[in-house]
Amino acid sequence: MTQSTQRLNDILKALALDLKPFAGQDITSRSPADGVTLAVLKAHSAQQAQDAIAAAHQAYLQWRTVPAPVRGELVRRFGQTLRQHKAALGALVSVEAGKITSEGLGEVQEMIDICDFAVGLSRQLHGLTIASERPGHRMMETWHPMGVVGIISAFNFPVAVWCWNSALALVCGDAVVWKPSEKTPLTAVACQHLLEQTIAAFNQEQPGAVPEGLAQLLIGAREVGEVLVDSPLVPVVSATGSTRMGRQVGVKVAERFGRSILELGGNNAMIVTPSADLELAARAITFAAVGTAGQRCTTLRRLIVHKSVAEQLVARLEKIYGSVTVGDPLTDGTLVGPLIDKASFEGMQAALAQAKQEGGTIIGGQREREDLGQDAYYVRPALVKMPAQTKVMEHETFAPILYIVTYEGSAEDAIAVQNAVPQGLSSAIFTSDLRDAERFMSPAGSDCGIANVNIGTSGAEIGGAFGGEKETGGGRESGSDAWKGYMRRATNTINYSGALPLAQGVRFDV
Ligand code: NAD
């Protein structure tokens, strides 16, 4: 038994989860920490996927009539279940996705936070009251559930993204069907297990409170996701992953006039102006660029630093990059865990080779810790000094590569460089100059969905709406009014007069 399989056994015991019913020959879960196979699961067939969607639709027909605060009570209880199992589920995220301990636990904390947020929301699904131009009339908006929400998620946030979507969708009165990444099926099975446990306990106390089939899990690769994408019984598809995936999903959902919430690739930048607190910037850069081994959609990939402070900042970064501990994600002190797989490592090396060809000077980027497993891919994070923002910097390479370019003029020049890529997820400026900070957040500033000041690009809180523009897809999830993406709006006009006046003064006497 390897270290990962031993860890998995302990986690399964803590979660009281038996994998036998899921065993098969289709989807392999492996641990990026040592490269060993954790389990092989069976995939759902297209027919099974359609049956699951149909069952979820039936459940929705009942769930939509349950008062929203009662729906919130289910989510509140799920948050409690997550609190009880935070350690085990966090460790499973580390074992299957390779996140270091605190980031695995942080992902579960994010689930708990969104449950809390959704519970509050369950009493606040407000519409507006609008002044009517007609006497004796009242106008208002009401928000109603949509139906089945299809959730397609990526490997790098194997549990939180599902919870962002499902906690909101469930309080909004929708049913959910989840197709997780084929690289992280076990975390999905564990989440579903915990939710089903919560539902069963709720139904025991209040028989029939939660209809059967309300939340479903589909194991499989993209073909299974395509069933969700194509189904007319799925009015909302929330898809998180690469821009390549979003291009396919977005078009197909639009063709049938469905609604998609697309959370796609980022190519995030930070500007460092001459007035920046460089020590603070160096720490923020390190977490944003190196954390999660560069495998966050919000990972910092481009540093645009003023020439006057570049030498000092880059020297500091080189020192930090040389000393961060790369290794087993569950060992204390590790800051950089493994890449997800060999393809990811090869993608990183190809990007570094291209950067070199385009005039880059590379520091780091080599494979390390081969002792941890032949099929485990650990790397020293790479700093790449570029002569300008070249082709390679226009793409998201899902690995810890930080390209550095300098600028000489004003913050506007740096903002222009930042915005000159096809993606628009996260961005940041480090500055002590109020004017630069405000300009960065103004209409002429960053074109991203997230624009931070003196904070790195990654590590968002759940209270804000999360998502990005351009090739990042335009979707918004999580906090603020993102719940509206999971509901439909009706405008109601009520006439309590005895007359029938028409709007705009139109006369139509009969
Ligand atoms: P991926 O695109 O390879 O896969 C994501 C999911 O989409 C998987 O479940 C996959 O099976 C499914 N899928 C792929 N093609 C599909 C299709 N045609 N129809 C239906 N389903 C399909 O992404 P990945 O490698 O797992 O994740 C990394 C990517 O995700 C990066 O680009 C990262 O930036 C992005 N990401 C974005 C966000 C965000 O919120 N913007 C969050 C996390 C990850």
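**Exercise 1. Find which residues are closest to the ligand, and sort the shell by class and by domain.**

Start with the count: 29 residues surround the ligand (C-beta atom, placed from the backbone, within 6 Å of it). The closest are Ala-154, Gly-225, Gly-241, Glu-263 and Cys-297.

A quick word on the ground rules: this is a predicted model, where local features need pLDDT of at least 70, side-chain atom pairs count only at pLDDT 80 or more, and totals for chains, interfaces and linings use all residues. Residues are numbered from 1 along each chain as its sequence is written.

Next, sort by class: the shell has twelve nonpolar, eleven polar and six charged residues. Here Ala, Val, Leu, Ile, Met, Phe, Trp, Tyr, Cys and Pro are nonpolar, Asp, Glu, Lys and Arg charged, and the others, Gly among them, polar.

Now look at helices (DSSP runs of H or I, at least four residues, numbered from the N terminus). H8 (222-230) and H9 (243-255) each supply at least two shell residues, and H8 gives the most, with four.

Last, domains (bounds from an automatic or database assignment): domain 1 (3-264 + 473-490) and domain 2 (268-453) each lend the shell at least three residues.

**Exercise 2. Work out how many residues of domain 1 and domain 2 are in contact.**

First, place the domains: their centres, taken over C-alpha atoms, are 31 Å apart. Then count contacts (C-beta atoms, placed from the backbone, within 7 Å): 16 residues of domain 1 meet 20 of domain 2. On the domain 1 side, H4 (86-97) and H5 (101-121) each supply at least two residues. That side splits into six nonpolar, five polar and five charged residues.

Note on methods. Contact = placed C-beta atoms within 7 Å.
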